[in-house]
Amino acid sequence: TFPFAQRLDNVETSAIRELFKLLGKPGIISFAGGFPDSAMFDLHGITEAVNKALIDEPGAALQYGATEGYQPLREQLAAFMQSKGAQVAADQLIVTTGSQQALDLLGKCLVDPGSKAIVEGPTFLATIQCFRLYGAELISAPIDGEGVQVDQLERLITEHKPKFVYLIPTFGNPSGAMLSLERRKRVLELAVKYQTLIIEDDPYGDLYFDAPPPPSLLALSAQVPGSRDWLVHCGSLSKVLSPGLRVGWMVAPPELLAKATMCKQFSDAHTSTFAQATAAQYLAGGHMPGTLARVRAVYGERAKTMGDALRNDLGAEIDFVQPQGGLFVWARLTGAGGKIKDGNEFAKRAIAEGVAFVPGAPFYCANPDLSTLRLSFATADEGKIREGIGRLAKALG
Ligand code: PMP
């Protein structure tokens, strides 16, 4: 075998990838993906943006560019953040190749073998794997329907003195949970009190259904003196516009942003200038508000349909908080009536019935709750959602 680096010993291929191999079965209804619906992509707006990028600025769109990002896009992204209440200047952010790259750069810049970091239990699987690749020792902070439990978080910070805390405060993947306003303020106060860096990963905050969520930690940091110095914010166009563009961004204190930029230079030199010029034209063209309204309405209906179907068809056998945004329902098998309680076993039976979801255990860095599962309502239409949940009820027996 090859002389692989020792760091690879810390990571396994994701259980989710293994499951995805089974999804090719004909007729299967999948709630397993973490993707937006490709039918929602704004082809017209993106085509217009591509054409404008090539006609107005062919040199910039096709040439090498600055590692920090294409300046007109940095300006557009700063304005986008400002429209959501966060005071961000263009030079306070760098463009990244998806927010996934921001997470990788943070791992590179901050994690030594054995460094401690706190993440939510459950959290985004690729974050667990990415930080572990750099040797992080991850500590799991419990969540409930209102996001991370801040008393527990404070206890874990004092006990472990982590290098940083990674949170997805708004419609988390996989939890769908929305951190309450009061807890957001407390998280920022903890950052200052314990001089601990908080990473806010926020690819879903724009996907709210009825009412907007509380302001991001980044926006709220203006109200908690000193907290901005301890805050990193990662954003992405993936879930609202197109993941294939691979356009994300990171706002961070200047010293950290400089180190991340240096690492990015060795990683991909810069995010595709073609994608950046396209995104910049898209935002400048004023397409975003309409696109957001459209995706919110469609995903909101699907979330409602899935919630209603779960309550109707599975009743007391399943427990979940109705999501107010994002792409996911996070649910727990209650075992009521002596029914199956194990998410892995249930996933196998569900595939046999022609429906797929992801069991929840891999989303925990420690002490997994084996009764959990993640269902995405994003890519199936309402008829398919009802049919798929009906199949789930059958699989439960
Ligand atoms: N963070 C979270 C919480 C996610 O769910 C995802 C995508 N699944 C990402 C980051 C990465 O997204 P992207 O690289 O496409 O911006």
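**Pockets, cavities and salt bridges**

Me: Which element gives the most to the lining of the second largest pocket?
Reply: Elements here are DSSP runs, numbered from the N terminus: helices (H or I) of at least four residues and strands (E) of at least two. With four residues, the top contributor to the lining of the second largest pocket is S4.

Me: Before we go on, what pLDDT do side-chain atom pairs need to count?
Reply: Residues are numbered from 1 along each chain as its sequence is written, and side-chain values use heavy atoms, with hydrogens and water left out. This is a predicted model, where totals for chains, interfaces and linings use all residues and local features need pLDDT of at least 70, while side-chain atom pairs count only at pLDDT 80 or more.

Me: Back to that second pocket: what is its volume?
Reply: A pocket is an open set of points on a 1 Å grid over the protein atoms alone, with protein on both sides within 12 Å along at least five of seven lines; a cavity is a set where a 1.4 Å probe fits but cannot get out, and lining residues have an atom within 4 Å of a point. Volume is the space filled by probe spheres set on the points, which are joined across faces, edges and corners. For the second largest pocket, that space comes to about 500 Å³.

Me: Which elements give two or more residues to the lining of the second largest pocket?
Reply: The lining has 25 residues, and Ile143, Asp144, Gly145, Val321 and Trp330 lie nearest the centre. The elements that supply two or more are strand S4 (137-144), strand S10 (318-320) and strand S11 (328-333).

Me: How many residues line the largest pocket?
Reply: This pocket has a volume of about 820 Å³. Nearest its centre you'll find Arg17, Phe35, Gln100, Phe124 and Ala126, out of a lining that counts 30 residues.

Me: Which element gives the largest share of that pocket's lining?
Reply: Three elements give two or more residues to the lining of the largest pocket: H1 (15-20), helix H5 (98-110) and helix H6 (125-133). The largest share is four residues, and it comes from H5.

Me: How many charged residues are in the lining of the largest pocket?
Reply: Ala, Val, Leu, Ile, Met, Phe, Trp, Tyr, Cys and Pro count as nonpolar, Asp, Glu, Lys and Arg as charged, and the others, Gly among them, as polar. The lining of the largest pocket has 14 nonpolar and 10 polar residues, and the charged ones number six.

Me: Now for the closed spaces. What is the volume of the largest cavity?
Reply: The count comes to two cavities of 30 Å³ or more. The second largest has about 40 Å³, and the largest has about 60 Å³.

Me: Which element gives the most to the lining of the largest cavity?
Reply: Residues lining this cavity include Phe80, Asp202, Tyr204, His233 and Trp249. Helix H4 (71-83) and strand S8 (231-236) each give two or more residues. The one that gives the most, with three residues, is S8.

Me: How many nonpolar residues line the second largest cavity?
Reply: Among the lining residues are Pro36, Met40, Phe41, Lys239 and Tyr299. One is polar and one is charged, while the nonpolar ones number seven.

Me: On to salt bridges. How many does the structure hold?
Reply: A salt bridge is a side-chain nitrogen of Lys or Arg within 4 Å of a carboxyl oxygen of Asp or Glu. Lys108 and Asp104 make one, with the closest N and O atoms 3.9 Å apart. In total the structure holds 17.

Me: What is the N to O distance between Lys304 and Asp308?
Reply: Both residues lie in helix H12 (residues 288-314), four residues apart, about one turn of the helix. Their side chains meet in a salt bridge at 3.6 Å.

Me: Why does Lys304 count as partly exposed?
Reply: Buried means under 20% relative accessible area and exposed over 50%, with partly exposed in between (1.4 Å probe, protein chains only). Lys304 counts as partly exposed because its relative accessible area is 47%.

Me: How far apart in sequence are the parts that Asp319 and Arg332 tie together?
Reply: The side chains of Asp319 and Arg332 meet in a salt bridge at 3.3 Å, N to O. Asp319 lies in strand S10 and Arg332 in strand S11, so the parts tied together are apart by 13 residues.
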